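Reader: I would like a close look at a single part of this model, taken slowly and with the cut-offs spelled out. Please begin with one residue and work outwards to what surrounds it.

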Amino acid sequence: MRIYTRTGDTGETGLFGGGRVSKAHDRINSYGETDELNSVLGWCAVAAEGAPGIVAGLKVSLEREQALLFTAGSWLATPPEAGELRKHLPAWPAGASKTLEDEIDAWDAALPPLKTFILPGGSELAARLHLARTVCRRAERAVCDLAADEQNGVDPRILAWLNRLSDWLFTAARAANAASGHADVPWRPAL
């Protein structure tokens, strides 16, 4: 199979289930943003290899979320009018958001209370996780745009999961700092 097809050279791309749309279409943007987030999570997973303490299993958790991003991408790439094809897409796990909430709660219980806004930074892993959080928020906005444009175009569980994922990434960054002995970087307003 060749990597290039030349079918997108005019600024259009094909949807799963047929039909062609502009590469600037909200549907393409939504799964493009989730694809970028998937790459950033992979970059985070590399830094999470062998992470200590409360983030010891973070690499595996990041890879779990990468797999879910692929599942979300398959749903986002398939418009509702594809009908029967949607029945063949991977099922969305009912507990995806709850898993993130449980991990957030576990990390949060081990962290000092947050008393101020913090800046992205601290350890290398935490800085990457903060970047992933911002990319996640952008992906969420793109998926929200698609949901607003197309009735039944987005499973609301995917939207809820993306919202929770950014919270999870924020808390994971704090946990990564704590596990590596770095303090969170407090925001100090410029005078």
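Author: At 0% relative accessibility, Leu100 counts as buried, a word used for residues under 20% relative accessible area, with exposed meaning over 50% and partly exposed in between (1.4 Å probe, protein chains only). This is a predicted model, in which local features need pLDDT of at least 70 and side-chain atom pairs count only at pLDDT 80 or more, while totals for chains, interfaces and linings use all residues. Residues are numbered from 1 along each chain as its sequence is written, and side-chain values use heavy atoms, with hydrogens and water left out.

Leu100 lies in helix α3, where helices are DSSP runs of H or I with at least four residues, numbered from the N terminus. Setting aside residues within four places in sequence, Leu100 is in contact (heavy atoms within 4.5 Å) with Arg64, Glu65, Trp161, Arg164, Leu165 and Trp168. For one of these partners, Leu165, the separation from Leu100 is 65 residues in sequence but 6.8 Å in space, C-alpha to C-alpha.

Trp161, another of those partners, is itself in contact with Glu65, Leu68, Leu69, Ala72, Trp92, Ala96, Ser97 and Leu100, again leaving aside neighbours within four places in sequence. Trp161 is also among the residues with the most contacts inside the largest nonpolar core, which has 41 residues; such a core is a set of buried Ala, Val, Leu, Ile, Met, Phe, Trp, Tyr and Cys residues joined through side-chain atoms within 4.5 Å. At least two residues of this core come from each of α1 (26-48), α2 (58-76), α3 (96-110), α4 (124-149) and α5 (156-179), and α5 gives the largest share, eleven residues.
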